[in-house]
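Me: Please take a close look at a single part of this model, one loop position. From there, I would like a connected account that works outward to the elements around it and then to the rest of the chain.

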Amino acid sequence: MVFAVEEINHSTRLLPGVKLGYQILDSCGRPPWALKTALSLVGGDNASCNTTDPSDYSAGEGIIERRGDHRVPLIIGGHSSVTGQILSRTLGPLSVPLISYFASCPCLSDRLQFPNFFRTMPSDIYQARAIAQLSIRFNWTWIGAVVENNDYGLVAIKLFQEETRRAGVCLAFVETLQRESIVSDARRAALTIQASTAKVILIFTWYTFVKELFLQLAKINVTDRQYLASEAWSTSGDLLQNVVSTKVAKGVFGVAVKSSPIPGFENYIRSLHPIHRPEDEFLREFWEAEFGCSSGASPLFSHSSPSFKYVTPLNISTSSPANRFSQKGSLPLCSGTESLEGVKNPFADISRFRVTYNVYLAVYAAAHALHSLLSCPDRESSSGNNSSTCSSPKHIKPIELLQHLNNLNFTTPQGEMFYFQGSDIPAKYDLVNWQETPEGSLKLALIGRVDGFDLYLNESAIQWSTGSNQVPTSVCTESCPPGTRKANKKGEPLCCFDCVQCAEGEISNQTDSLHCERCPSDFWSNAERTACIPRQLDFLSFNETLGIALTTAAVSGAVVSTAVFVMFLCYRQTPVVRANNSELSFLLLLSLKLCFLCSLVFIGRPSVWSCRFQQAAFGISFVLCVSCLLVKTVVVLAVFRSARPGAGALMKWFGPGQQRGSVCLFTSIQIIICVTWLSLSPPVPQRDLGFQGSTVTLECAMASVVGFSLVLGYIGLLACTCLLLAFLARKLPDKFNEAKLITFSMLIFCAVWVAFVPAYISSPGKYTVAVEIFAILASSYGLLLCIFSPKCFIILLRPEKNTKKHLMAR
């Protein structure tokens with residue numbers, strides 16, 4: 001502050017003809033003392049100020065004061081947000097501007113409550129947003145937090161949560177620290193960090209609290225956490241030089257107050273000497289502590305009084321050099337050759353100016369506001385009307401200075417534009433990283449910056465807590481890969497979830513997908529559930545096992561039927577063949593062969609013609625078969641009825657011509673039903689999309705269920721009639737009564753087709769066709785074996801029974 005005041009006083013463009021003085025007063029970090037001092041300044045109850053020029057005005061800790069009544073129109077101060085709120089509320093009714101260089105609470109941006117407050121320190125809103133952006137950028141979704149139990153920590157963590165909630169970032173825990181119980185609070189927070197699965201820890205608190213927290217972490221050997229630092233401790237030299245920090249806090253990554261060079265300040269610091277500034281009590285006290293000698297006979301400042309004479313811009317160590325303050329009488333006199341050149345001390349460290357630069361800006365803001373207030377286009381010729389637009393150095397009103405601060409806009413000596421947005425300045429931060437040096441110590445590295453809401457970062461320059469450039473991972477649950485979806489755990493934060501594989505027919509092709517999408521009807525999910533692939537056409541083919549088995553059974557049946565037909569043809573003159581109407585037997589064998597062969601039409605890729613032909617062939621073949629059996633049964637009954645007295649004329653109605661005509665009539669009815677059905681609403685090839693799977697069945701869809709029902713119903717009607725008549729004729733007195741064989745074969749036939757209906761309806765996809773083929777083959781084999789196997793047995797193995805005498809015996 002002193003350097004800035006002297007630099008302004010030597011300027012020819014800023015406040016020409018006006019010299020600023022200063023008075024720096026120490027509140028010792030206590031808000032009541034700060035309030036008492038501020039009231040004494042604005043009330044005029046203060047000592048004379050330091051100035052290098054006998055001007056009527058001087059500037060103090062943000063003070064512009066007049067020698068006459070000692071009232072000041074502006075104060076630079078309010079180191080903390082609490083102090084800033086107290087001073088602003090108290091000085092508000094007096095319209096005295098207050099410029100803070102370190103108060104960062106977002107609450108101070110409220111112009112209705114704090115109309116006289118300004119600051120050169122960005123609001124915490126921006127650093128909370130910057131840290132939130134970093135968390136999102138590095139995919140840290142499971143973060144622990146340790147905050148100071150005041151507005152600084154609690155408001156910051158609330159803002160952080162608001163910024164990251166939509167991005168899916170969760171807080172594993174929030175531990176608070178208080179000054180009064182810092183040791184126990186730090187121990188509790190350290191144990192929480194140790195127990196938590198969160199690998200990234202956000203710390204919003206003062207550096208002294210962090211020092212105690214690191215000490216507790218070192219005691220329980222927690223050294224694998226990545227810490228996110230707020231500006232309050234990210235650049236702390238005390239922490240960087242601490243051995244405990246080297247063990248616990250490597251790779252700290254955080255936000256820092258923007259640094260900027262101050263030209264000429266290094267030479268100014270190096271040239272300081274008590275001989276040249278005998279009135280500077282702070283410098284004299286620092287000199288004696290640093291060099292261990294007495295700089296003169298002037299009494300040291302007494303710390304027991306709260307009336308303050310100075311403020312220390314940096315903390316002075318209370319180690320052994322400070323202890324020599326109590327031994328002032330025994331200190332030797334300084335030789336005068338002592339110099340700050342080459343001295344390594346926090347006071348002499350001018351490598352980075354952060355809060356120091358904020359003070360520098362505050363002084364320049366006050367000076368430019370004064371310059372604007374005191375400037376007139378032509379002061380000498382100003383009339384009474386014009387003089388009201390500018391003020392005289394002898395009559396500066398705080399409210400006028402406040403108005404000029406609100407409209408302030410100037411270029412700093414560093415070439416940057418400076419202006420207030422309400423009470424705030426445009427937010428700018430540095431992004432810093434604690435990196436390990438070859439010697440094992442920690443150094444502060446600048447790896448990016450924040451400009452408002454924009455973040456610029458050199459990721460390759462970051463050294464993480466692991467000691468490498470590999471970004472650490474901090475998640476409650478690892479990301480769900482494609483093919484799965486996130487399922488929240490009951491009672492757990494949103495960041496803790498299970499990864500559930502998508503169901504069949506659903507996919508997710510993104511990481512951490514919340515939902516699985518269903519594939520279109522013609523597509524199905526692949527094995528990994530990551531993509532929809534076209535469903536393959538499926539039908540009962542000749543190449544698959546089931547198709548081969550059914551084809552073999554059908555061909556075998558047709559071959560056996562042909563063999564029996566040939567056998568009967570060879571033995572057509574024998575009594576067994578001639579008995580029971582050999583002509584119908586040959587027709588029955590032919591129809592059975594057609595039944596076996598029609599099943600082959602059902603196998604293979606369905607087409608328009610195959611769909612029409614297969615049902616017609618099936619229906620006509622079976623009607624022809626059952627018609628032959630029905631006529632056979634009627635003939636048996638007629639033969640035995642005609643043997644009764646007076647019934648001889650009955651057989652003329654059941655001669656060979658009538659038998660053939662009956663079979664043709666019964667078959668013609670089925671042909672008419674099939675032609676009508678296939679003409680009006682035939683089966684067509686169609687994809688069955690209802691079956692859920694990677695394949696889609698190509699089948700012959702029944703456009704008309706009525707037609708198919710009539711075909712089956714007519715076959716069933718003939719079969720039931722035949723069964724009933726055969727059952728009635730089963731006990732007729734004949735050695736070789738064919739009615740018994742027909743009865744048993746029709747029982748098998750009816751049982752097969754009764755079981756066929758529910759099986760056909762419930763079978764999925766191509767198995768529907770397989771069920772129908774099985775019913776055709778089972779019923780055909782039943783008829784073939786039951787009716788013709790006894791006759792073949794006699795013909796081949798019992799030729800002695802193949803005589804008329806044997807057959808006519810009763």
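**From one loop outward**

Reply: Lys801 sits in the loop that connects α22 with α23 (804-808). The model is a predicted one, and what follows should be read as a description of that prediction. With a relative accessible area of 33%, Lys801 is classed as partly exposed, because that value lies between the 20% limit for buried and the 50% limit for exposed. Its C-alpha atom is separated by 8.8 Å from that of Val576, although the two positions lie 225 residues apart along the chain.

Val576 leads on to the helices in this part of the model, since its number falls within α16 (575-578), which packs, together with α17 (582-598) and α22 (767-797), against the buried residues of α15. Those buried residues of α15 are Gly547, Leu550, Thr551, Ala554, Gly557, Ala558, Ser561, Val564, Met567 and Phe568. Helix α15 covers residues 545-570, and its 26 residues should span 38 Å at 1.5 Å a residue, so the 37 Å found between its end C-alpha atoms agrees with expectation.

A similar check can be made on α17, where 17 residues should span 24 Å and the end C-alpha atoms are indeed 24 Å apart. The buried residues of α17 include Leu584, Phe586, Leu588, Leu589, Leu592 and Phe596, and also Ser585, Ser591, Cys595 and Cys598.

Another helix, α5, can be followed in more detail. It comprises the 14 residues 151-164, and its end C-alpha atoms are 20 Å apart, which agrees with the 20 Å that a rise of 1.5 Å a residue should give. Tyr152, Gly153, Ala156, Ile157, Leu159, Phe160 and Thr164 are the buried residues of this helix. Viewed down the axis of α5, these buried residues fall within an arc of 160 degrees, and therefore they line one face of the helix. Among the elements that cover them are α4 (124-137) and the strands β6 (142-148), β7 (170-177) and β8 (200-204). At the start of α5, a side-chain oxygen of Asn150 comes to within 3.1 Å of the backbone nitrogen of Tyr152.

Tyr152 also brings in the aromatic residues, for which a search of the whole structure finds 35 pairs. A pair of aromatic rings is described by the distance of the centres and the angle of the planes. Tyr152 pairs with Phe204 in an edge-to-face arrangement, with 6.0 Å from centre to centre and 65 degrees between the planes. This pair joins distant parts of the chain, since Tyr152 belongs to helix α5 and Phe204 to strand β8, 52 residues apart. Tyr152 counts as buried because its relative accessibility is 14%, and Phe204, at 0%, counts as buried too.

A tilted pair is formed by Phe622 and Phe749, whose ring centres are 5.6 Å apart and whose planes meet at 45 degrees. Here again distant parts of the chain are linked, with Phe622 in helix α18 (residues 608-642) and Phe749 in helix α21 (residues 738-762), 127 residues apart. Phe622 is buried at a relative accessible area of 0%, and Phe749 is buried at 2%. Elsewhere, Phe3, Phe265, Tyr268, Phe353, Tyr357, Tyr360 and Tyr364 make up one aromatic cluster. Charged side chains lie over rings as well: Lys486 is over the face of Phe497, at 4.5 Å from the ring centre, and Arg612 is over the face of Trp609, at 5.6 Å from the ring centre.

Two further loop residues deserve a careful look at the backbone. Most residues other than glycine have a negative phi. Leu15, however, has a positive phi near 50 degrees; it is placed in the loop between α1 (2-9) and α2 (31-43) and counts as buried, at 4% relative accessibility. Asp512, likewise not a glycine, has a positive phi of about 60 degrees; it lies in the loop between β18 (506-507) and β19 (517-518) and is partly exposed, with a relative accessible area of 27%.

Taken as a whole, the protein has 23 helices and 24 strands, and buried residues account for 50% of its 810 residues. Of the contacts between residues at least 6 apart in sequence, 69% join residues at least 24 apart.

Note on methods:
Residues numbered from 1 in each chain as written. Predicted model: local features only at pLDDT ≥ 70, side-chain atom pairs only at ≥ 80, totals over all residues. Heavy atoms only, no water. Helix = DSSP H or I, 4+ residues; strand = E, 2+ residues; numbered from the N terminus. Expected span 1.5 Å × (residues − 1). Buried < 20%, exposed > 50% of the residue type's maximum accessible area, 1.4 Å probe, protein only. Arc of directions from axis to C-beta. Contact = heavy atoms within 4.5 Å. Polar contact = N/O pair within 3.5 Å; in protein donor to acceptor, adjacent residues only side chain to side chain. Phe/Tyr/Trp six-rings, centres within 6.5 Å; stacked < 30°, edge-to-face > 60°. Lys NZ or Arg CZ within 6 Å of the ring centre and 35° of its normal.
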